[in-house]
Amino acid sequence: MTNFPIPDVDRVSAIIREVAESEILPYFRDLANAGIREKTGPADLVTLADEAGERALTPRLLDLLPGSTVVGEEAVSEDKSLLDRVHGDAPVWIIDPIDGTLNFANGRPLFAVIIALACRGETLAGWIYDPCDGRIATAVKGQGAYLNGKRVTVAPAVPLTEMTGALSTRFCAEDLGRQLDERGRSLGPRVCLSSAAQEYLRLLDGRAHFSMYHRLMPWDHAAGVLLHAEAGGYSALFDGSPYRPTVLNGGVMLTPDRASWEAMHRHLFG
């Protein structure tokens, strides 16, 4: 249990929308002004929109919850010690100002803003906002998941051969990547959108059955895993233990229910 009130979901949603409108969308498809540069390589980019969005979100979220802290993707890229805040006793806002920066930089409308609120290693609330089509997914732990204000549930379980979703082999060991690629061919259609946020939205609106990810940075997955769980889905780390935003290594798999998770785990890893 928390000893602080969760800020109003709609107020946080409004802040996210306002920041996206003023600080992110003006740079979209304006490469001359977007200030794109590489962080760790050509597939890991940052733009002025990422930085401006995080700068604008940070003080406004802190004002909503006195005593809270922030872990932002762009701030952590400059000071990795900030990640330690996810383990602390203070509530922490986890910010990904643009998930899918590679898509954003290439003019593809497949990106989103992700916000999570966590405390003591537990995700308490999450938001995913697509600035291009206006969809916003919200959840507070124990209160269900909502898409544009309507409660949602994940797609029903289907046989493995019919399960469609995102099976990322990025960031995993080469041998495991080959195994997953080979065994994944017997699943249903695989979709890779280069944006975890967009793939989580597909789980929430029933267009996908599963997602799998390696290297678990909290700004990519804390909100999405909570949203999926609140929509009735089942997820776990590859070793079967629960996901927490403090876990950075290994991988997580999300499916409609536990039986589907166990069947897919046997198929891919057994």
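Two strands are said to pair if DSSP finds at least two bridges between them, and the exercises below apply this to a predicted model.

**Exercise 1.** Determine in which sense strands E7 and E8 pair, and over how many bridges.

*Solution.* Begin with the residue ranges, which are 136–140 for strand E7 and 145–147 for strand E8. Between these two strands there are three bridges, and the pairing is antiparallel. Within this pair, Thr138 stands opposite Tyr146 of E8.

**Exercise 2.** Place these strands in their sheet, and find which strands form its edges.

*Solution.* The sheet is open and has seven strands in the order E3-E4-E5-E6-E7-E8-E9, with mixed pairing. Strand E3 (69–72) and strand E9 (150–152) are the edge strands, since each pairs on one side only. On average, neighbouring strands of this sheet are turned by 25 degrees against each other, direction ignored. Helix H8 (residues 218–230) packs on the sheet, where the strands that the helix touches include E3, E7 and E8, and the direction of H8 makes about 95 degrees with that of E6.

**Exercise 3.** Decide whether Pro218 is buried or exposed, and identify residues that it touches.

*Solution.* Pro218 lies in helix H8. The cut-off for a buried residue is under 20% relative accessible area, and because the relative accessibility of Pro218 is 1%, Pro218 counts as buried. Leaving aside residues up to four places away in sequence, Pro218 touches Leu83, Val86, Ile94, Tyr243, Pro245 and Leu248. Thr246, although 28 residues from Pro218 in sequence, is 7.1 Å away in space, C-alpha to C-alpha.

Technical notes: Residues are numbered from 1 along each chain as its sequence is written. This is a predicted model: local features need pLDDT of at least 70, side-chain atom pairs count only at pLDDT 80 or more; totals for chains, interfaces and linings use all residues. Side-chain values use heavy atoms; hydrogens and water are left out. Helices (H or I, at least four residues) and strands (E, at least two) are DSSP runs, numbered from the N terminus. Axes are lines fitted to C-alpha atoms, for helices over the stretch in contact, and angles run from 0 to 180 degrees between N-to-C directions. Contact means heavy atoms within 4.5 Å. Buried means under 20% relative accessible area, exposed over 50%, partly exposed in between (1.4 Å probe, protein chains only).
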